[in-house]
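Colleague: Before I rely on the wording used for this model, could you take me through the terms and how each is applied?

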Amino acid sequence: MPFGLIVQLPGLAYRLPSAVAKQHVFSCTALHGLLMLHAQSMILQLAQSAICNRFHTAVQRLSRWLFLTSERAHSDRFELTHEFVAEMVGGPRTAISQAAATLRRLGVIDYERGVMIIRNRTQLHRMACECADAVGSAVRGDGAGALSPAGRSARRARATKSR
Ligand SMILES: [Zn+2]
């Protein structure tokens with residue numbers, strides 16, 4: 001099966017020969033458990049992305065992607081082009097550029113010459129769709145995720161009722 005890998009941001013990574021991984025994956029329960037959690041997280045992210053691309057606006061999706069990327073990279077500054085971001089967010093470059101211009105006009109982000117800067121993380125999180133929380137909790141392993149276009153609204157309604 002052919003695979004392609006994309007490194008989204010500069011950073012450190014480890015790699016090992018697949019034969020070594022195969023040798024240890026079933027004999028090391030800790031490694032096996034981590035790989036199963038990662039696989040579960042990836043499946044949830046793929047499913048959530050399909051829902052996200054169908055139901056959420058370019059501004060919501062761009063906000064989600066930038067918020068999660070910032071969380072994972074522990075940085076509010078990235079070297080990214082609009083074309084690459086459009087590929088990651090899932091939309092035409094023009095739509096993503098318009099969404100970025102909207103976020104910039106609101107003071108949420110800024111960008112120039114291939115560098116994206118998050119100016120207001122709290123606002124960026126507010127503008128993101130609920131997929132940010134669903135995917136974020138799946139990646140961190142602290143929740144089951146939403147898998148619903150109305151998940152955040154439903155959770156808010158339940159929380160309000162239980163008060
Ligand atoms: Zn979404």
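**Helix 4 and its partner**

Modeller: His82, Glu83, Val85, Ala86 and Val89 of helix 4 meet Arg93, Ile96, Ser97 and Ala100 of helix 5, where a contact needs C-beta atoms, placed from the backbone, within 7 Å. By class, this contact has 5 nonpolar, 2 polar and 2 charged residues. This is a predicted model, in which local features need pLDDT of at least 70 and side-chain atom pairs count only at pLDDT 80 or more, while totals for chains, interfaces and linings use all residues. Residues are numbered from 1 along each chain as its sequence is written.

Colleague: What makes helix 4 and helix 5 roughly perpendicular to each other?

Modeller: Their axes, which come within 9 Å, cross at roughly 105 degrees; angles of 65 to 115 degrees count as roughly perpendicular, those under 35 as roughly parallel, those over 145 as roughly antiparallel and the rest as oblique. Helix 4 and helix 5 are therefore called roughly perpendicular.

Colleague: Which residues of helix 4 are buried, and what does the word require?

Modeller: In helix 4 (residues 82–89), Val85, Ala86 and Val89 are buried, meaning that 20 or more other C-beta atoms lie within 10 Å of each residue's own, whereas 12 or fewer would make a residue exposed and a count in between partly exposed.

Colleague: How do you know that they are on the same side of helix 4?

Modeller: They cover an arc of only 105 degrees around the axis, which puts them on the same side of helix 4. The cover over the buried residues of helix 4 includes helix 3 (58–73) and helix 5 (93–105).

Key
Helix = DSSP H or I, 4+ residues; strand = E, 2+ residues; numbered from the N terminus. Arc of directions from axis to C-beta. Contact = placed C-beta atoms within 7 Å. Axes fitted to C-alpha atoms, helices over the stretch in contact; angles between N-to-C directions. Nonpolar A, V, L, I, M, F, W, Y, C, P; charged D, E, K, R; others polar.
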